[in-house]
Amino acid sequence: MEYDFNAIEKKWRKYWRENNTYETKIDATKPKYYGLTMFPYPSGAGLHVGHPLGYIASDIYARYKRLKGFNVLHPMGYDSFGLPAEQYAIQTGQHPAVTTEENLKRYRSQLDKIGFSFDWSREVRTSDPQYYKWTQWIFKQLFAAYYCKDADKAMPIENLISVFEKEGNAKVNAVTACETEFSAEEWNGFDTEKQAAVLMEYRLTYLADSWVNWCPALGTVLANDEIVNGVSERGGHPVEQKLMRQWSMRITAYAERLLKGLDKLDWSDAVKDIQRNWIGKSVGASVNFDVADHDEIISVFTTRPDTIYGVSFMVLAPEHELVAKITTVEYKEDIKSYKQKAGLKSERDRMADTKTISGQFTGAYAVHPLSGEKIQIWIGDYVLASYGTGAVMAVPCGDQRDWDFAKHFDIPIKNIFADVSIEEEAYTEKKGTIANSEFLNGLEVGEAIQKAIAVLEEKKIGKAKTNYRLRDAVFSRQRYWGEPFPVYYDNGIPKTIEDQYLPIELPEVDKYLPTPDGKPPLGNADNWFWDAKNNELVGKDKAEEEHVHPMELNTMPGWAGSSWYFLRYMDPHNDKAFVAKDKVDYWSNVDLYIGGAEHATGHLLYARFWSMFLHDLDFIPFEEPFKKMINQGMILGRSSFVYRVNPMYTILGGSIPTDEAKSILNAKSIFISLDQLDTVRKSESPEWKLNELVGNHLSDAHPGISFDGISYDLSKTTQIHVDINIVDNDKLDVEAFKASREEYANAEFILEDDGTYICGNEVEKMSKSKFNVQNPDDLVEKYGADTLRMYEMFLGPIEQAKPWDIKGINGVNNFLRKLWRLFHDQEGNVVVSDGKADAQALKTMHKTIKKAQDDMDRYVFNTTVSAMMICVNELTEQKCHNKTVLQDLAVLLAPYAPHIAEELWVVLGNEAGTISDAKYPICNEEYLVEDAFEYPVSFNGKMRFKVELPNNLSKDEIEKEILAMEKSQHYLEGKVPKKVIVVPGRIVNIVV
RNA sequence: GCCCGGGUGGCGGAAUUGGUAGACGCGCUGGAUUCAAAAUCCAGUUCUUUCGGGAGUGCGGGUUCGAUUCCCGCCCCGGGUACCA
């Protein structure tokens with residue numbers, strides 16, 4: 001009996017389902033292990049082979065950890081809110097929930113075929129009201145908190161209110177947008193509206209007018225990480241800047257902790273660096289410059305306070321609020337036109353064009369705070385309104401952009417660096433000695449920075465300051481298919497709905513588009529008013545009643561639900577809390593997180609932020625959600641191509657193509673096989689060769705017809721994607737190709753000598769349009785899930801991007817069949833033998849155990865598969881059918897190929913289903929001990945021959961043995977060796 | 001530009017601390033088996049060669065008895081970022 005994977009896999013999947021093999025419960029007697037993969041957005045296209053890569057790796061690790069005695073949490077769910085379902089709804093009127101449900105089913109059936117050990121009883125969906133109830137609840141917690149810098153953590157806003165009531169905000173050290181000071185009396189005198197507005201400046205989620213990335217095509221705002229190259233990540237639509245009243249998350253309060261926390265994480269340097277850059281910490285000072293003849297100051301941030309004497313002008317962002325106030329009459333027009341020009345430039349243009357220098361003098365002057373010198377104030381679009389204070393002190397000698405600006409507008413450049421030329425470019429190194437700078441003269445940059453800050457602080461014109469590039473995250477979306485905010489507006493003051501009335505469920509709408517007056521889609525809902533007396537949603541008809549208030553019309557962004565889903569898995573059905581304390585105490589944070597690096601500045605940052613916040617309020621016992629992370633590389637597609645030659649009707653040598661020839665050529669395409677095409681390309685006269693080949697073909701295929709006057713141009717040959725499913729080993733299934741499209745039905749082919757058509761190939765992203773998508777279902781059908789799982793791992797290192805190539809999958813399938821034959825003879829009888837295994841087999845097995853263990857410790861999966869292949873090859877050669885050996889092998893294999901492992905486990909006489917909780921074998925070094933070693937003998941570092949020597953020889957004895965050998969004499973060529981290096985058990989190198 | 005990865009046979013890749021470069025698999029070549037095919041098994045497969053050998057891990061240099069591995073300079077590919085003061 002052959003290895004019948006279809007029957008075996010079906011049988012065990014049924015067994016696992018019926019026996020709840022992978023249902024996980026808290027078990028205090030075992031150490032816990034939390035293995036997680038990033039949950040998918042269930043797109044309509046379903047899975048291709050690239051998607052399950054991370055799930056397979058994580059499943060292997062989860063199963064491995066279970067065999068190692070851990071209580072493993074390995075859940076799966078869906079990020080089921082999202083734009084595609086909504087776009088589809090807009091087009092078709094189909095409710096996104098319906099589309100999503102259909103897609104989910106497809107995903108689930110695909111996932112189920114691969115044999116994952118997910119505990120599906122813990123499945124979560126972000127669009128499930130029972131789930132987003134708690135997303136809304138967390139939003140409320142953020143609304144009701146502020147960030148206390150003294151405690152360096154989030155605190156309830158009530159604490160802040162009581163401080164305000166007793167002593168105002170003078171002593172409050174909090175992260176806030178509030179710049180004004182007020183006393184207790186003043187606070188208590190504020191009306192409700194004013195108090196609410198002040199508190200809003202402290203809350204961790206707040207409502208504010210902010211410049212947002214507005215995407216007109218999608219009708220919504222986008223976060224910075226949702227924009228790629230100036231266009232929307234989804235759909236590639238243009239994005240513009242717009243001022244809108246939006247909910248934001250005060251993630252900047254956590255900038256320092258998000259940065260510092262990275263040091264403790266076992267993540268790839270790539271992702272950590274991306275986050276570090278995104279947070280963008282710079283240490284320096286803020287310095288105030290007085291504006292001459294105005295009662296205004298310009299505050300700037302600089303990382304180089306040591307260069308303060310090199311300041312020769314100032315530049316404000318065109319949008320800076322002071323511009324209008326300080327511009328002198330004679331420059332009013334110029335400034336106006338420059339601002340207009342700058343405003344017209346889209347983000348994209350500005351990015352594309354960083355070389356052009358532009359700016360405009362305002363006519364106003366600033367006073368240098370130390371030298372008292374008057375310096376010009378300019379505006380220029382190289383200064384960004386959104387970073388720092390929107391103004392810079394320009395130090396042309398030390399900053400290339402300032403230098404370029406100064407050169408361009410002929411502004412003086414003052415050199416404050418000793419022994420450095422700034423004739424050709426600015427000196428931007430952060431080292432050297434400062435000169436021409438009064439009290440800073442002779443100091444090294446590092447010392448000068450310290451000294452400068454000290455003096456600035458002493459003179460009260462500046463102070464040490466740290467700046468972050470990280471911006472607060474906009475949290476509103478003008479969309480339907482997202483979490484509604486549990487917020488209504490009482491006279492314009494946002495109020496949150498009490499916990500017991502959550503979730504606030506998405507209302508029904510008849511259109512998913514914005515309202516005619518430009519409000520978000522929820523503006524179309526009938527029942528979208530909050531009755532604050534009866535605590536229920538009511539219709540427009542009651543809107544006039546005093547206690548009825550309009551609801552928030554925005555919904556939350558895609559990252560809301562995904563920022564905390566890993567917590568919900570611990571306690572997915574709890575309706576009293578987002579997660580119970582005992583559950584989160586037991587499972588704690590994620591031990592291994594597998595997912596894409598593309599979430600570095602989105603999900604992975606936001607999830608850390610929310611975890612820190614929930615930790616601050618003592619809801620969870622850790623602040624970093626994901627201890628270790630592996631970023632799986634993309635699996636690329638391997639596209640296949642056919643090459644069509646295209647006729648040109650030229651009047652060549654006076655002959656004119658006949659109508660008959662034309663009608664034949666118009667009716668059919670001619671494809672040339674790759675190797676033939678290569679012959680053409682490589683020939684001395686490619687054009688002539690091509691015409692000869694095609695001409696020969698035509699006269700053979702259409703005898704008696706003249707094709708004079710028709711020529712073929714190599715550059716006009718078109719490369720066409722062909723479905724990889726009709727290509728085998730680069731050979732085209734010509735009949736299938738003809739049948740694939742009507743226009744190819746009577747196509748003709750210029751074939752190779754052996755009568756085959758060879759396709760070209762290229763590695764590209766896997767996509768429908770390139771006809772290179774490999775669907776896992778087909779492969780499971782053809783080779784089995786175990787083969788697919790192992791092959792995906794065998795392809796190469798998990799973190800590396802690699803092309804998918806179907807060819808190699810046979811090899812893995814062969815391996816499993818070979819394995820099967822260790823247990824069965826040709827007739828299908830079990831051939832497993834009891835008794836003691838021989839030393840050779842034990843050595844093979846334990847060598848493999850050691851390698852597998854080693855690889856698992858390093859999260860290396862591809863070489864484990866190789867190791868098991870070698871093991872099976874060796875055992876086959878040894879004709880080993882020993883039970884103890886095969887038992888170890890089955891367990892080793894179980895995480896990778898769980899179905900066949902289960903089957904073989906039973907063949908070995910074990911109780912069905914118990915392999916999941918078997919003990920992972922431990923390498924017994926005794927079996928590996930050798931009494932001899934085959935020494936590679938090198939001469940001048942080049943290996944020449946090998947010789948087996950007993951292990952008990954001393955260095956000298958080894959040297960003597962080897963030098964005495966005839967072969968050595970040959971390589972010595974009669975010379976005396978200069979030096980002989982002997983590394984026992986490793987190598988011998990003879991230097992001649 | 002800056003910051004990370006990476007570059008090894010026809011292909012995917014291996015070589016864990018500086019110690020046999022090319023494990024394992026694919027593909028290819030030859031053979032066995034077969035009426036034939038599939039499957040299976042065996043042998044070969046970095047290049048080159050006058051069959052002694054010679055060269056070889058992107059390129060050029062260096063350290064070392066010995067370098068895919070460490071150091072310096074450069075080239076190419078992939079990812080991130082983009083006037084961040």
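Start by selecting helix H27 (residues 839-857) and helix H29 (residues 883-893) of this predicted model: the two pack at an angle of about 20 degrees, with their axes 10 Å apart. Angles under 35 degrees count as roughly parallel, so H27 is roughly parallel to H29. Look along the pair and check the hand: H27 passes H29 in a left-handed crossing.

Now show the side chains between them. From H27, pick Ala841, Leu842, Met845, Thr848, Ile849 and Ala852. From H29, pick Val885, Asp888, Leu889 and Leu892. Colour this contact by class and you get eight nonpolar residues, one polar and one charged.

**Next stop: H26 and H28**

Select helix H26 (residues 809-823) together with helix H28 (residues 862-877). Their axes come within 10 Å and cross at roughly 40 degrees. That angle makes H26 oblique to H28. Which hand does the crossing of H26 and H28 have? It is left-handed.

Add the contact residues. On H26, display Phe815, Lys818, Leu819 and Leu822. Facing them on H28 are Met869, Val872, Leu875 and Thr876. The contact of H26 with H28 holds six nonpolar residues, one polar and one charged.

**Keep H28 and bring in the RNA**

Show RNA strand B and select what surrounds the strand: 64 residues. Label the closest ones, Gly796, Lys807, Gly811, Pro936 and Gly941. Which element gives the largest share of the surface near RNA strand B? H28 does, with six residues. So far H28 has appeared as the partner of H26; here H28 also belongs to the surface near RNA strand B.

Recolour the RNA surroundings by class. The surface near RNA strand B divides into 21 nonpolar, 24 polar and 19 charged residues.

**Zoom out to the domains**

Colour chain A by domain, using this division:

- domain 1, 281-468
- domain 2, 486-553
- domain 3, 636-764
- domain 4, 776-927
- domain 5, 930-991

Now draw a distance between the C-alpha centres of domain 2 and domain 5. They lie 86 Å apart.

**Over to H3 and H4**

Select helix H3 (residues 83-92) and helix H4 (residues 96-112). The axes come within 8 Å and cross at roughly 125 degrees. H3 and H4 are therefore oblique to each other. The crossing of H3 and H4 is right-handed.

Show the contact. H3 supplies Ala85, Glu86, Tyr88 and Ala89. H4 supplies Pro96, Thr99 and Thr100. By class, the contact of H3 with H4 has four nonpolar, two polar and one charged residues.

**Last, two backbone details**

Most residues other than glycine have a negative phi, and most peptide bonds are trans. Two places in this model go the other way.

Centre on asparagine 20. What is the sign of phi at asparagine 20, which is not a glycine? Phi is positive there, about 45 degrees. Asparagine 20 sits in the loop between helix H1 (5-19) and strand E1 (32-37).

Then jump to leucine 502 and proline 503. A cis peptide bond joins the two, with omega about 0 degrees. To place proline 503, look in the loop between strand E19 (493-496) and strand E20 (529-531).

Notes:
Residues are numbered from 1 along each chain as its sequence is written. Chains are lettered from A and ligands numbered from 1 in the order in which they are written. This is a predicted model: local features need pLDDT of at least 70, side-chain atom pairs count only at pLDDT 80 or more; totals for chains, interfaces and linings use all residues. Axes are lines fitted to C-alpha atoms, for helices over the stretch in contact, and angles run from 0 to 180 degrees between N-to-C directions. Helices (H or I, at least four residues) and strands (E, at least two) are DSSP runs, numbered from the N terminus. Angles under 35 degrees count as roughly parallel, over 145 as roughly antiparallel, 65 to 115 as roughly perpendicular and the rest as oblique. A crossing is left-handed if the near helix is turned anticlockwise from the far one by less than a right angle, and right-handed if clockwise. Two residues are in contact if their C-beta atoms, placed from the backbone, lie within 7 Å. Ala, Val, Leu, Ile, Met, Phe, Trp, Tyr, Cys and Pro count as nonpolar, Asp, Glu, Lys and Arg as charged, and the others, Gly among them, as polar. A residue is near a molecule or strand if its C-beta atom, placed from the backbone, lies within 6 Å of it. Domain bounds come from an automatic or database domain assignment.
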